[in-house]
Each structure stands twice: as C-alpha cells, then as structure tokens.
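These are my notebook entries on one structure. I set down what I looked up, entry by entry.

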Amino acid sequence: MRVGIDIEGIVQGVGFRPTVYRYAEGNNLTGFTLNTAKGVHIQVQGESDRIESFINQLQTNPPVASKIDSFIIKQVDDARFEKGFTIRHSEFIGLTKSAGISPDLATCPDCLVEIFNSKNRRFGYPFTNCTNCGPRFTIVRDRPYDRKFTSMNSFPLCPDCSTEFTDPKDRRFHAQPNACTSCGPELKLILSDKREFKEDNLIFQTTEQLKKGKVVAIKGLGGFNFACDPHNIPALEHLRNVKNRPDKAFALMMKDINEIRKYCDLSIWEEEALLSPSAPIVLLRKLNNLLDRVSPDNNYLGIMLPYTPLHHLLMSEIPLLIMTSANKRDEPLAISDEELQSFMDDKIIDCYLTHNREIIHRCDDSIVHFLGNQQMFIRRSRGFVPAALSVKNHSEKTVLSLGANQKNTFALSTGNSIFLSQYIGDLTDFRNYKYQSEQIEDFSRLLNIDPQEIRCDSHPAYENYREEALHIYHHHAHMLSVMAEYDLNGSNVLGVICDGTGYGTDKAVWGFEFLNIPPNNNRFKRLAHLDYFPLPGGEKAMREIDRIAIALVQNEERLPFPSERIKEIKTLINENINTPQTSSLGRLFDGIAALTGITELAEYEARGAIMLQREAELQFDETAERYLVQLIQEDALIKIAYENLIENILMDMENSKELSLIAWKFHKWVAESIIEVLKLLHFEKVVLSGGCFQNLLILKMVTALLEENHYDYYINTLVPPNDGGIALGQAYY
Ligand code: ZN
Ligand code: ZN
Ligand code: FE
C-alpha cells in the first residue's frame, strides 16, 4: 500500500521532516517527504498496519513546536521501488506561499546542555540553535522557510554544521539558522567611548558593566533590550529618567525558576508558561517588596526567563536583570546598531552588546497573566506571531483588518486562517505608523494574501482610518474578538465591554457598554451603558485625572483639590469647552483614583486604575457594606448611574474609612452593576472584553458573580482583551 499525506500548519522549521523520517524508518516504510510551499508532503509505502501506526505516531506525537492545522491522507495507486525513506529538497509547487512560518522558539534543553558543556564544540556559543529552537519569524525575509531567505544567508555553513544540516538523523537536520563558532554570527561589545571591546570574554565583560551599575543594551530576538541591575537604584532611576517612565513597571529577566520564587508567588500554570517555547513575560504576584521600585504602582512583577543562548550565558553571571524594550517612550523597538549609537550619543546607555545576525521583523516580548489556570494575554507578540489563530473565519474574502490606534496589531485573513501581527504600538507616533505600513506589506508577501477588503475602526481621527474601508465600531470589535475565539456567530450574545476609550455611534467616548449582536447578524444594539459624565479637556483628562474627579463631584467644597484648579476645570465643563461626554469605565477608575487621593497624575495610560487595583487587592472584606448600584431605565436603554457611588465614596472618605476598603468597594460596585444590568436583560451567553478586564480583581469578581448566577460567559484567551485584540474582532465581522 502507498499513501500520500499533505500536512499544513506550522510544520516547517520545527523538525517535522526528521520526525517523519524516524517514524517511517521505525515502521519499515519506504517513500519520501519534502517541504512544499503549503506545508509538508509525505509519501509512504509498506504494510497497511505499519502505515496506520506511522500516521498515528505522527498525529499523536508530532514535534513539540509544530502545530498541525490540516492532515489529508490520499491513497496513491502506483507502488514504487525505492531504497528506504528519504528527505527530499524543498520543491516549489504552485504559487501559494501559505505554509506557516513558525514563531521564534526559546532555547531548547538539548542546546542548553551543549552551550554549558566545555567539551562541546558549541561551548559558550550564543547563537546555538536546532530544529526545536531558535529564531524564526524575526529572521525570515521570504517564503519558503529556507536559509537563503533568512538573515542567516550571509553565513555559509562550515563543514561540521553542513554535516549536521544534511544528516536526517541529526537534531540539526535542515535547521535553517544552524551555526557554530566557526561559521555563525558573532557578538560585538561597544563600550562608552564607542570603542569595540576586543578580547574574547565579552559575556563576562558585559555582566561586569551591569554589576557596576551601567545601563547596557542587549540584542535579543526581536529587538534590543535595555538592561540594568534592578537592585542598583541609581541605574534604575537613570533608566526611568531616560525612558521618561517615572513609575511604569519594567520587565525583568531572571536566571531560573528558583530565582523567581525569591520575589514572587508562582503557580504550576505560570511556571509552565515561563518555561514554554514562547517564553513570554508573565505577570506574577509579588511576595515581598524587594523589587518595589521596578513596579511601584502595582502588586505584580513582569518576569521572563532567558530565551536565547546569549541570555542564558549572561544570566549565568548575574541572576536577574531589568529587561525593557530599547526605545524612547512609545517609539518602535530599536533593532539596528545605528539606533544604538544614537542612544550612546544621548547618554541613554553606557554600552551595548550586539551581533551581526540582522533582525528582519521587530517583535516585542509578549506578556501574559493568569486567572487560575487560564492564561490571558496583555500583549501577544514574540513567540506567538505569526502563527495563525485557530478561529473560524466567516468571510469568503481576503481581508486586511487595521486594528485600533493604541496597542495596535493588524490582521490578515484568508480562508480559515486569521494572522494577527506582532505588537505595533501607538499609531499616533508616526514611526509606529510607518512600521505598521511596512509590516502590512511584509505580511502580505510572506503569507501571499492580497486583501480584497480593508476594515478599520470607525473613529475618523484614528491614524489608520480609511474612508474607503469598512468601518467597525470599537466596542463592537471588542465584542467580536471574543465571539471569534468561540465562534459564537450563531448565538444570541450579550457583550459586556469594560473599556477605556472607543468612538460611539453618537460620537461620544464610549467605554462601559452592554451590546447585543443577534444570531448571524453584523449589527449591534446598545442596551445599556454607564451614564455619561463630562471629560474636561478630552485627551488631557487621561493624564491629568484630577479633571475627572472634578467632573464627577457636583459640590466643589467636597473636592480635595486647590480651588483655582477646581474653578478652571468647572469652567471647561460649564462652558462646554473641549469637554466630550463619556461612558468610559477606565476614566471612571482614574477619576476615583484621583478623588481618593491615590494620584492626580497618570503619567502612563490607566495608571490611576492600576493604582486603585493595587489598593483594592489589599482588602478581601466580603462582609463590607456595598455601594449600591442604581440603574436608570429610559425607553429601551439602561443607564448605570454614578451619583450615588460618588456620594458614598465621599462619605467614606469623610468618615476616614481606609483607602483600600474604598477601592475594594468600588471594584465590587463595578462587578455588581454588571450583574444588575444582566438581570434586566435576558441573555444566557455573555462575552467579556475591553481593556479594564486586564484588571484581575475585576475579572475575578465578575466571573465569580456570573458563575453564581449561572451565566455562560466567554473571555479572550487567544488575544488581549485590550485594543491589541481589536483586529481579530474586525476580521471576524
Ligand atoms: Zn535546540
Ligand atoms: Zn559551523
Ligand atoms: Fe478598547
């Protein structure tokens, strides 16, 4: 018997063909396998039960980093005479180039053993990789995934590497980025006087600089990171200063799980994520305040493990490092030595450790966190992109979805595949906008998708708004992003959107919304929302959040701010100068944070909300008296009133109630107002999305209440609930 098998998915660059080879040999089958433009093609010949066991092995035990989307078996009539099983050279069949490019993979255990084994020829080599690990997306220029189409094309294989590359039994068989000390990329350390450090102990020299309190830029997979010793306060403060981030949390890299346990609580699920080939930053609950200056505003630390051999080598000399994106605030991540030179000139960094393997695609580190065993994204980027999302796509057309303005990602979709881009960032910075345009071009070419339709957010002031595109309202897209994950198109669903900012059908700034999309429909109805309050100064109120507190409180005497300031802001409101109406929950959080004296300034987006969450997490007083929810029903629209809430908070403040208790009661009020609205609307299926659901306390309270009341609820797990998921929602429309 002879069968042909076509496999699609992430099957190239992940050791698929060597695995096929081993299973075929093990089952005494003859035939061949090869990479095609669409995936992997196999032909096997032999006893039918042996073929069956071969297929079974391949399906149940494919290479760890692979992902099979389709597996099609066809009987081939003509038996052939072949000597054994062979792996053939890649063939280009047809014109499609849809075969999945693998995301970048963290260093595997086998490679790790080699770089720390003094007898191995790769001892101490920072670019060691194999078919199970190493750079992928970040070095790919074109399809198919072959060395000549990657940034490894400038490094011809030495005889030893070449032998590995051509031996089907070797772990490095067809490992496209394969390299060693004699043929691969090299490190370069540039010291403060722009002098290149010429000796060979570069790793040691770099960690010496870090231990001395220097800020060092280090080239990673998708870009450079700024690194420094988190215990060295002057270094840390310098970094805060130059990045213009006085309080926002920095990510850390720690040597191993044991090091992490010194600072954080760690569940088995979190540990598994940290150790996975995607190696994201995981937000972990702090155990103590040893690293408080790293994330002063919240109870979490964002931590990742070393994910390249270079990281492992550095971390063998120093147990933990700040590892933050190498950029000035909100700019794209730096990937070239030229950018680093300018950082040196501006005295942002003291030195940098670079190498000559070019980064083709910028890719920021991904960020996840956990609610129990459920992983959720804050940012989906390195280690996940460009894998297709396993989501049912209802559009017959090829579509480009441009996403939102903040935390931008875009999506290209065709057939049943939706490809979400890496994190692009805030498009109001023209460099990010340019980066998006470049990446759209790259993705179209790599995936061979020429979009027939373009979709974008309805906000006409968004950078990527296009008149000719299909416009989708922001919160509609948030809701669709969850429906996409569970393919809820045929259900009558209620969307509970807890968000910061989105353009509404009445041009107001929407945020806390209850939307219904009837089955198989593309329209939404707004059934409830947070009652509007004025946002004096518009955008300005996102930063100067005392403006919101002033807008929320009628009686000026009860406001804890200078009277001049109150007068100034009240004038804006009364004379309706640049004061849009908003139902934003994010801004309500900010306003309460300012009112309760937590902070008047949000130097970064949602800082007030984040600090309010930190306070609330200190309290678990289920018996505490609640802030009563008050709903106003007007025709077919329900409004959540906030006057009572504000009055109660003011009273608690005047009665010197603990800040953490007030914060906790406010969180509870948000959760309970959702349930109260749901009780008036009759839906069984509820989807939750929007940036406020990054607040784990809110998510915990809301999901607990939904469970108590027997709702079927759905949350984002494949994309962030924040604006990073908007493109998926647009694609699912
Ligand atoms: Zn490896
Ligand atoms: Zn070599
Ligand atoms: Fe949003």
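The entries below go from model confidence to metal sites, aromatic residues and one helix.

**Entry 1: confidence.** I noted before anything else that this is a predicted model. I looked up the confidence of the protein chain and found an average pLDDT of 93, with 98% of the residues scoring at least 70. I then turned to residues 92-98, where pLDDT stays under 50. For this stretch I recorded 20 contacts beyond four places in sequence.

**Entry 2: zinc ion (ligand 1).** Which residues donate to the zinc ion (ligand 1)? I found C108, C111, C130 and C133, each through SG, at 2.3 to 2.4 Å from the ion. I read their spacing in sequence as C-x2-C-x18-C-x2-C. I also looked up where two of these donors lie: C111 is in helix 3 (residues 109-115), and C133 is in the loop between helix 3 and helix 4 (159-166). The pair therefore ties together parts that are 22 residues apart in sequence. I recorded both C111 and C133 as buried. For the geometry, I took the angles subtended by the four donor atoms, which run from 102 to 121 degrees. I entered the arrangement as tetrahedral because all angles fall between 85 and 135 degrees.

**Entry 3: iron ion (ligand 3).** I listed the protein donors of the iron ion (ligand 3) as H474 (NE2), H478 (NE2), D499 (OD) and D723 (OD), at 2.1 to 2.2 Å. Their spacing along the sequence is H-x3-H-x20-D-x223-D. Here the angles among the four donor atoms span 89 to 170 degrees, and I entered the site as irregular. I checked the two histidines as well: H474 and H478 are both in helix 12 (residues 474-486), and because they are four residues apart there, about one helical turn separates them. I noted that H474 and H478 are both buried.

**Entry 4: aromatic pairs and charges over rings.** I found 15 aromatic pairs in the structure. I examined the pair of F410 and F443, whose ring centres are 5.3 Å apart and whose planes meet at 75 degrees, so I entered the pair as edge-to-face. F410 belongs to the loop between strand 17 (399-401) and strand 18 (411-414), and F443 to helix 11 (residues 430-447), so this pair links parts 33 residues apart in sequence. I recorded F410 and F443 as buried. I also entered one aromatic cluster, made up of Y473, Y503, W510 and F524. Over the ring of W510 I found the charged end of R526, 3.6 Å from the ring centre. R382 lies over the face of Y307, 3.5 Å from the ring centre.

**Entry 5: Y503.** Is Y503 buried or exposed? I entered Y503 as buried, because its relative accessibility is 14%, under the cut-off of 20%. I located Y503 in strand 22 (residues 493-503). Leaving aside residues up to four places away in sequence, I listed its contacts as D457, S458, H459, P460, Y473, H474 and A508. Of these, H474 is also a donor of the iron ion (ligand 3), and Y473 belongs to the aromatic cluster with Y503. I also looked up Y145, which is 358 residues from Y503 along the chain; their C-alpha atoms are 41 Å apart.

**Entry 6: helix 17.** How many residues of helix 17 (residues 607-616) are buried? I counted eight of ten and entered the helix as mostly covered. The buried residues are R607, G608, A609, M611, L612, Q613, E615 and A616. I found that their cover includes strand 11 (300-304), helix 16 (585-595), helix 19 (659-680) and helix 20 (696-708).

Definitions and conventions:
Residues are numbered from 1 along each chain as its sequence is written. Chains are lettered from A and ligands numbered from 1 in the order in which they are written. This is a predicted model: local features need pLDDT of at least 70, side-chain atom pairs count only at pLDDT 80 or more; totals for chains, interfaces and linings use all residues. Side-chain values use heavy atoms; hydrogens and water are left out. Donors are N, O and S atoms within 2.8 Å of the metal (3.2 Å for Na, K and Ca); water is not among the atoms, so sites may look incomplete. Four donors count as tetrahedral if all angles lie between 85 and 135 degrees; four count as square planar and six as octahedral if opposite donors are over 155 degrees apart and all others between 65 and 115; anything else is irregular. Buried means under 20% relative accessible area, exposed over 50%, partly exposed in between (1.4 Å probe, protein chains only). Rings of Phe, Tyr and Trp (its six-membered ring) pair if their centres lie within 6.5 Å; planes under 30 degrees apart count as stacked, over 60 as edge-to-face and the rest as tilted. A charge sits over a ring if NZ of Lys or CZ of Arg is within 6 Å of the ring centre and within 35 degrees of the ring normal. Contact means heavy atoms within 4.5 Å. pLDDT is the predictor's confidence in each residue, from 0 to 100.
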